[in-house]
Amino acid sequence: MQILINGQWRDKREKIEVRNPFDNSLIDTVPAGDASDVEEAAAGAIQGFKEIRSLSSLERSFILKKTAEGLEKQTEDFAVTIAKESGKTIKEARTEVNRAVQTFTIASEEAKRIGGEIIPFDAVPGGEKKFGFYLRVPVGIIAAISPFNFPLNLVAHKLAPGFAGGNSFVLKPATATPLTALKLARLLLESGLPPKALSVVTGWGGEIGDLLVQNPNIRMVTFTGSLEVGQHIMSKIGLKKATMELGSNSAVVIMADADLERASSRITVGGYTLAGQVCISVQRVFVQEPIFEKFLETLLPKVKALKVGNQLEESTEVGPMISESAAKKAAEWIEEAVSLGGKVLCGGERKFSLLQPAILVDVPFNAKVHTEEAFAPLIVANRFRTLEEGMKFVNQAKYGLQAGVFTKDISTAIEAFRKIDVGGVMINEIPTYRADNMPYGGVKSSGLGREGVRFALEEMTELKTVCFHLE
């Protein structure tokens, strides 16, 4: 495939291979973009910004709606590409396409709702003869850097609200999964997007990442990825707006009164979907002591029954990790947990990029599977006594994206919502739950700003005020 620079598809001599994580087979190649591509894309985005901001909100809405319709018609084509390059099972890939359809549909609706508010100037001394209001206006050119695990919908969560607000973009998709983003870019152009409003530069992050976020034409950076890369970007961008969706090691608290069947079923989904490579995957599970053994008895057969294998087979429930090195790192973390005194109830065996879904118990809190983001098909279960202790265990993490609490007591639910330091608390649900129209983002080391179409649109617009003096 080719890269997209200011409405033109281009090839380059140097290539990057895109390989299937399951068997390492070659899927396609993409050009390795360089400094000249970044500069040209960012320069062209100036004209692209002028073109897209001059469109009416209705026209922008129509483009986004047409894109949603195109995605729906091409669901299977996009799903196969997603599955091949990311390792996501074909069923998971179809779900991602369906979610992206919703993301663009919601954005098409929000494009027509961008407004403002009257400012009561007469509420302050000297403002008696003043009248005015504010409106939301686009920030300008946005650099978007997307991750490998949702190569379609997380790109959609950046582009769709940004286009709804009248911004232009330079997109750098994940090096491992660029094909889906390029297919989406082609669909956007076919749907009527101004040609220079989007450039897609594929390449190695270490070579073009800094050049992109530091470019003086860029007004905002929206990034989803690791904490370490996010911190590096923030140290480089200077006076720019930023949305940072970073890591997590999301926790679930299971109270003694919880519905264990529901909790175990949902945790089986939340811990092992996309082989655990979701920033809101269930990683840490804290279970109240009286039901600890019973919960494990309920969970264990569900996890053991998961079918691991080729992601393109309809029966597969857990596909490969993004690379063999990622699977090897996860296996090493499991070994470290055991060396510190933890136990493995099931899973943890590795074959190339496949890692058997693992349950670890009684792992000390200084193990990496507790302190860091595993991004792997594993969960760690530990006991707690009181709600206060359970919340303390959740909050001791440096991350704070989302958490889940299973309980039948409304007071417990409200207390957990008030005191757990995360961006979202899911009651009787796993932290892996995300609706595409909700505010999504974290606190502490999990990032800055919020996604979710309406809320991303607010991040990608600025307030502009007008004041009239009335005689």
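Let me start with N6, which, leaving out residues up to four places away in sequence, touches E40, A41, G44, A45, P195, K196 and S199. Please keep in mind that this is a predicted model. N6 sits in the loop between strand 1, residues 3-5, and strand 2, residues 8-10, and because its relative accessible area is 13%, under the 20% cut-off, N6 counts as buried.

From there I would like to move to G48, which is part of helix 1, residues 35-53. Is G48 buried or exposed? With a relative accessible area of 0%, G48 is buried, and when its neighbours within four places in sequence are set aside, the residues in contact with G48 are S168, K196 and A197. You may recall K196 from the list of residues that N6 touches. As for distances along the fold, G48 and P120 are 72 residues apart in the chain, and their C-alpha atoms are separated by 36 Å.

Next comes a pair of helices. Two packed helices are described by the angle between their axes and by the distance between those axes. For helix 3, residues 75-86, and helix 6, residues 179-190, the angle is about 155° and the axes are 9 Å apart. Since the angle is over 145 degrees, helix 3 is roughly antiparallel to helix 6. Which residues meet here? On the side of helix 3 they are D77, F78, T81, I82 and E85, and on the side of helix 6 they are L179, T180, K183, L184 and L187. Sorted by class, this contact has five nonpolar, two polar and three charged residues. As background to such spacings, an α-helix has 3.6 residues a turn, so residues three or four places apart point the same way.

Finally, let us turn to helix 9, residues 260-272, where 13 residues at 1.5 Å each should span 18 Å, and the end C-alpha atoms are indeed 18 Å apart, so the expected and modelled spans agree. At the N-terminal end, D259 acts as a cap, with a side-chain oxygen 3.2 Å from the backbone nitrogen of E261, while after the helix comes L274, whose phi is positive, near 50°. The buried residues of helix 9 are L260, A263, S264, I267, T268, G270, G271 and Y272. What covers these buried residues? The elements that do so include helix 10 (292-304) together with several strands, among them strand 12 (251-254), strand 13 (284-288), strand 17 (358-361), strand 18 (378-384) and strand 20 (402-406).

Methods. Residues numbered from 1 in each chain as written. Predicted model: local features only at pLDDT ≥ 70, side-chain atom pairs only at ≥ 80, totals over all residues. Heavy atoms only, no water. Helix = DSSP H or I, 4+ residues; strand = E, 2+ residues; numbered from the N terminus. Expected span 1.5 Å × (residues − 1). Buried < 20%, exposed > 50% of the residue type's maximum accessible area, 1.4 Å probe, protein only. Contact = heavy atoms within 4.5 Å. Polar contact = N/O pair within 3.5 Å; in protein donor to acceptor, adjacent residues only side chain to side chain. Axes fitted to C-alpha atoms, helices over the stretch in contact; angles between N-to-C directions. Parallel < 35°, antiparallel > 145°, perpendicular 65-115°, else oblique. Nonpolar A, V, L, I, M, F, W, Y, C, P; charged D, E, K, R; others polar.
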